[in-house]
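Trainee: Could we go through the aromatic pairs and the cysteines together?

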Amino acid sequence: MAGRRSSSIGCKSLINRRASVYVNAYDPIKVNLLVLDINAQIALFRDLLVAIGQSRDCPEHRERIRKLRRNCVEACKTTSQLILPHIQSAIDEGIPADNQNLVMLYFMAQLFYRELSKSHRLVQIVPMDMSGYYDNRAGPSNLGNVISQILLCKQITPDFNHEELCSIVKDSEEIAKILKEIGEYMPKQENNLEKSSALNEDVSNQWTKKHRTFLYKHMNLFCCAAQPSYL
């Protein structure tokens with residue numbers, strides 16, 4: 001019993017140490033740069049999806065989309081892990097959660113989630129033959145296929161499209177989890193809807209006005225919020 005109790009205490013202390021590392025490592029300027037980089041990556045990801053099924057669509061293009069998608073997911077995870085402990089620490093000290101980077105990350109993650117759904121559908125509708133692309137590349141995956149072929153005594157052809165669909169589903173689940181975690185710290189507006197409609201439009205939710213003004217003021221910084229260049 002004592003062993004279990006000591007192990008649970010050790011786990012809690014480890015979690016607290018990790019959280020304190022994230023809090024101490026929080027740098028608003030660094031986080032803002034990460035958010036801007038995520039914005040640029042999502043905008044590029046969206047533009048690359050537009051080329052699927054067109055003349056420049058090729059195995060190299062699909063591989064670029066795959067790598068960029070993974071980079072976007074990891075960037076969202078890293079940034080949320082930097083922001084959320086800082087927000088929680090501020091809440092514990094009685095400071096209201098009001099972080100512009102958190103708001104921007106939330107809306108960009110929502111946009112990225114929709115783009116992931118679009119990419120999943122595009123891979124289904126417009127599959128790509130990647131056999132020649134991966135046959136010409138040497139790597140650990142090829143070695144694993146060779147060993148499997150020897151053991152099973154048959155030719156193994158990796159199905160890129162199936163693996164890509166599974167990978168997109170997994171990435172979508174991770175982004176949905178991030179959205180859920182961030183959503184818990186987003187200011188709630190539902191409680192003020194009845195008051196706002198009953199009183200006057202001038203006393204509408206202050207948080208909505210404040211952040212709407214901020215987003216409009218900085219809209220030129222966000223590629224993914226601008227009109228696509230292909231229209």
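Mentor: Let us fix one term beforehand: buried means under 20% relative accessible area, exposed means over 50%, and partly exposed lies in between, with a 1.4 Å probe and protein chains only. This is a predicted model, in which local features need pLDDT of at least 70 and side-chain atom pairs count only at pLDDT 80 or more, while totals for chains, interfaces and linings use all residues. Residues are numbered from 1 along each chain as its sequence is written, and side-chain values use heavy atoms, with hydrogens and water left out.

Trainee: Is Tyr106 buried or exposed?

Mentor: Tyr106 has 18% relative accessibility, so it counts as buried, whereas Phe107, at 38%, counts as partly exposed.

Trainee: How many aromatic pairs are there?

Mentor: Rings of Phe, Tyr and Trp (its six-membered ring) pair if their centres lie within 6.5 Å, and planes under 30 degrees apart count as stacked, over 60 as edge-to-face and the rest as tilted. By that rule there are two aromatic pairs. In one of them, the ring centres of Phe45 and Phe112 are 5.6 Å apart and the planes stand at 75°, so the pair is edge-to-face.

Trainee: And how accessible is Phe45?

Mentor: Phe45 is buried at 0% relative accessibility, and Phe112 is likewise buried at 0%. The rings of Tyr106 and Phe107 also form an edge-to-face pair, because their centres are 5.7 Å apart and their planes are at 75°.

Trainee: Switching to cysteines, how many disulfides does the structure hold?

Mentor: Zero, where a disulfide is a pair of cysteine sulfur atoms within 2.5 Å. For Cys76, the closest cysteine sulfur is in Cys72, 6.6 Å away, which is too far for a bond.
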